[in-house]
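Subject: A structure to look over

Hello,

I am handing over a structure that I hope you will enjoy exploring. Please open it first, and then read my notes below.

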Amino acid sequence: MINTNKRLFIFFLIIFANSILFSAPFFSGMTGVKLNYHGNTEIIENESTYNPYLSLQAFFAGQFNFSEKVWGRTEFSIETQNLLNTNIFNEGTETNFRIEELSLVIKGNLSNSINYFNIFMGSYEQIGSDTFLQKYFGIEPIASKLTTSWLGLNGSDLYKQRGFGFGDIIKSKNTPVAFGLYGYINSDTINNNNSRIFVFNTDVRFATTLQYFTLYLLCGIGFPLPQNDPNYIIAIEKLYWHAGANILIGNNYTQSLFFQLGIFNAEFKKDKVNILTESLYLLFEPRLNFGNWNIDVTFYNISRKNRPDLPLLDGSLGGNLNVYLESVRIAGKPFTFGLNTNVSLDTIDLLQIFSETPPLENDFVENFNVAISAYGSTQFLSGELNFIIKLNILKLQENPFSIDIGFKTKI
């Protein structure tokens, strides 16, 4: 395993090399870093001990334009454990370093459309994010503020499309419509023997953006690749079905409704269909707009297993009220201020509640949580400075508060 020093060295070496080799105007990208501080109180032999915790999250995403019709994209993320327990420059700090995306795009012009052929590794144009819509339609972000992540540009994913494969997208020149076909191999599925198996996936995508309506759909099937069994040439016990949808009725400047629905790896066997409890993704968010004032009311079911760290969102199942004021100018700079209230259940989701063995009443009490967050953002230097102060109302004796400070900038 690569130790912490080597991982950090590789991470910053990549950023440095990219900046040198692909300088403007052939390079564009974004980078971000966030520090999170919180503490846990432990009671040992009637004595309380406060344990501070400081962690760092960072990402780097860049695009390299080799020509007008050929470009590459890369994205990396890093996440550390507690920096206060050990010295970051010495052995001992646990660090997660991940390649989020490596891709190559070839653009071609057809008579009435544009064709984009992609080869990729890692996560690519996840449907839970705005990446696909922004890349091919150039729209403003429409995803929920609750699903903003500091481990990359994708944020929360309806369906985790990670692997090695290709994609071919056709976008009409005359109408805001795009179609896509993807094929890729991953090994995210675990079989009954608790070992990884490779799965070949095929996805079909459709997207359109209108003045008061935005739609992004995905549907696909996964085919487990044959295992080493001398008695079979090809043996497929089950298929995996996945699907997702992003829908915005209205736009960012009107009253609107944002809706996300996703199913991940529902198992289709000969005699039954099995939907895993952590595979259902649901987010329903009416948005009220009153000039600079905005109110978002959100209901969600998002498994912790299928998402990165999200500062404003807690639990797997819950409701959220987000009230924020945008474009307030102080000393000539635009500020955004907000107050977010989150009510959630930590590990209980919808499928568990409606299953044959629903959680007991004590389970709901133990999982119940209420958190209030004050947050803000403003322009700073050449980027955006963000802060979040969160208070856990029902965990004041265990984990009373947390503070996040982050900075994002284009490069």
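A word on naming before the details: helices (H or I, at least four residues) and strands (E, at least two) are DSSP runs, numbered from the N terminus. This is a predicted model, in which local features need pLDDT of at least 70 and side-chain atom pairs count only at pLDDT 80 or more, while totals for chains, interfaces and linings use all residues. Residues are numbered from 1 along each chain as its sequence is written, and side-chain values use heavy atoms, with hydrogens and water left out.

Let's begin at the surface. Strands β8 (196-209) and β9 (213-224) each give at least two residues to a nonpolar patch. That patch covers about 890 Å², and its members include Phe-198, Phe-200, Ile-221, Phe-223 and Trp-241. (Patch residues have over 30% relative accessible area and no salt bridge; nonpolar side chains, namely Val, Leu, Ile, Met, Phe, Trp and Tyr, are joined within 5 Å, and like charges within 9 Å.) Ile-221 sits in β9 and is partly exposed, because its relative accessibility is 34%. (Buried means under 20% relative accessible area, exposed over 50%, partly exposed in between, with a 1.4 Å probe and protein chains only.)

Next, the salt bridges (a side-chain nitrogen of Lys or Arg within 4 Å of a carboxyl oxygen of Asp or Glu). There are 7 in the structure. One of them joins the side chains of Lys-34 and Asp-404, at 3.0 Å from N to O. Lys-34 belongs to strand β1 and Asp-404 to strand β19, so this pair ties together parts 370 residues apart in sequence. Lys-34 is buried, at 2% relative accessible area, and Asp-404 is buried too, at 5%.

A second salt bridge links Lys-135 and Glu-125, at 2.9 Å from N to O. Here Lys-135 is in helix α2 and Glu-125 in the loop between β5 and α2, 10 residues apart. Lys-135 is partly exposed, with a relative accessible area of 29%, whereas Glu-125 is buried at 1%. A third pairs Glu-285 with Arg-287, at 2.7 Å from N to O, and both of these residues are buried.

Finally, two backbone details. Most residues other than glycine have a negative phi. Glu-125, though not a glycine, has a positive phi of about 50°. Ser-327, also not a glycine, has a positive phi of about 55° and lies in strand β15 (residues 317-330).

Best wishes

Technical notes: Accessible areas come from the Shrake-Rupley method with a 1.4 Å probe; for residues, only the protein chains shown count as cover.
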